[in-house]
Protein chains: 2
Amino acid sequence: MGDSARLPFVASLPVVNQPLHRSGALLDHLARRMRLRAESVLAPLGLRPRHLVALTVLREHGGCSQQALAAMLEMDGTNVVGLLNDLETRELIERRRSPEDRRRHVVELTDTGLRDLAKAEFALAAAENEVLGALDDTQRETLYCLLQQAATGAAISCSAALAEDTR
Amino acid sequence: MGDSARLPFVASLPVVNQPLHRSGALLDHLARRMRLRAESVLAPLGLRPRHLVALTVLREHGGCSQQALAAMLEMDGTNVVGLLNDLETRELIERRRSPEDRRRHVVELTDTGLRDLAKAEFALAAAENEVLGALDDTQRETLYCLLQQAATGAAISCSAALAEDTR
DNA sequence: ACAAATAGCTTGTCTTACACAAACTATCCA
DNA sequence: TGGATAGTTTGTGTAAGACAAGCTATTTGT
């Protein structure tokens with residue numbers, strides 16, 4: 001495909017509301033590096049990175065339907081079923097029938113799930129130290145807050161200690 | 001291929017303050033959401049997310065050997081070859097023989113590569129607006145700086161975010 | 001009351017990203 | 001000269017995940 005000059009670049013266009021940099025590739029890159037380490041850390045716990053993602057999302061948005069979860073994870077519903085089967089087998093999550101609509105499953109972390117998630121996160125400290133080694137603790141907390149806010153879609157009062165955000 | 005750079009970096013200081021939160025899962029989650037959108041945006045440009053990652057890394061660390069690149073991407077050398085073959089075919093990167101060690105290939109972005117990378121990033125604005133919609137421009141720039149700093153492993157002066165400029 | 005839509009589950013197929021191994025060439029170095 | 005190293009090629013295996021078809025239980029609309 002011979003690529004020729006289209007014209008998305010007009011030299012003197014006022015680039016008003018365009019954020020200066022794209023984070024996508026870096027996000028991808030760092031997530032990969034983290035995932036590689038997480039795999040080996042998580043393996044002895046019988047978990048895989050995507051399980052951690054699901055548990056993490058569920059900790060924040062507990063009590064949602066599987067469809068809602070599939071939408072949040074942006075995963076195909078059928079694959080979410082398998083994911084939840086894993087987690088339910090390990091008793092990390094619970095599927096309860098919704099009383100208002102008995103077709104629906106209300107998915108929620110169990111106490112075990114909450115505990116094992118915390119355990120896993122503790123075990124991942126070393127991995128994170130490697131990947132985020134160039135960031136100090138404050139920066140890491142800022143990063144976490146931004147990611148969390150982006151993930152939940154709402155501004156969240158993370159530690160007020162970081163009085164970073166004042167628009 | 002020489003040695004694999006997979007040394008685990010000995011458990012560092014038993015520092016008091018273990019960072020409060022783990023970003024790994026969120027990183028994974030957001031990277032996935034971004035990648036899904038990036039795929040469809042990038043497809044018409046003949047690129048895939050991992051190409052973007054490679055180009056992004058090369059823009060920062062241009063002129064390195066393929067092994068160094070493989071180490072940075074934490075990918076197997078043989079797969080990096082294929083990735084670079086793609087990019088070289090499209091003339092986005094160049095492999096030059098290193099003069100000091102003619103076994104080595106010095107990989108670098110071409111002008112086309114630099115331009116197409118910028119083009120792709122421009123095209124990804126909408127995708128990023130969806131995924132990072134909960135962050136305002138300042139927060140996004142902060143996020144970018146943190147990711148960049150983590151990725152390059154060196155502290156970069158981002159505090160004066162808007163003073164940061166061309167490269 | 002009954003048809004249609006919906007939530008979830010199961011199975012099975014296909015694609016793709018990778019890791020990994022083996023064998024090869026070109027080059028460097030001792 | 002012989003061994004180590006950088007890169008390449010080919011080929012194999014695993015796993016994530018998309019997608020489709022067919023199933024049950026339940027709700028909703030007429």
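This passage describes the protein surface near DNA strand C and selected salt bridges in a predicted model. Local features are reported at pLDDT of at least 70 and side-chain atom pairs at pLDDT 80 or more, whereas totals for chains, interfaces and linings use all residues. Residues are numbered from 1 along each chain as its sequence is written, chains are lettered from A in the order in which they are written, and side-chain values use heavy atoms, without hydrogens and water.

Around DNA strand C there are 21 residues, of which A:Q66, A:Q67, A:H105, B:R50 and B:R102 come nearest; a residue is near a strand if one of its heavy atoms lies within 4 Å of it. Sugar and phosphate make up 76% of the strand C atoms that come within 4 Å of the protein. By class, this surface has eleven charged residues (Asp, Glu, Lys and Arg), two nonpolar (Ala, Val, Leu, Ile, Met, Phe, Trp, Tyr, Cys and Pro) and eight polar (the others, Gly among them). Phosphate oxygens of the strand lie 3.0 Å from a polar side-chain atom of A:R32 and 2.9 Å from a polar backbone atom of B:R102.

Over all chains, 28 salt bridges are found, each being a side-chain nitrogen of Lys or Arg within 4 Å of a carboxyl oxygen of Asp or Glu. One of them joins A:D101 and A:R103 at 2.8 Å, N to O. A:D101 is buried (under 20% relative accessible area), at 14%, whereas A:R103 is exposed (over 50%), at 69%. A:E128 and B:R22 meet at 3.6 Å, N to O, and both are buried. A:R33, A:R37, A:E130 and B:E74 are linked in a network of salt bridges.

Conventions. Polar contact = N/O pair within 3.5 Å; in protein donor to acceptor, adjacent residues only side chain to side chain. Buried < 20%, exposed > 50% of the residue type's maximum accessible area, 1.4 Å probe, protein only.
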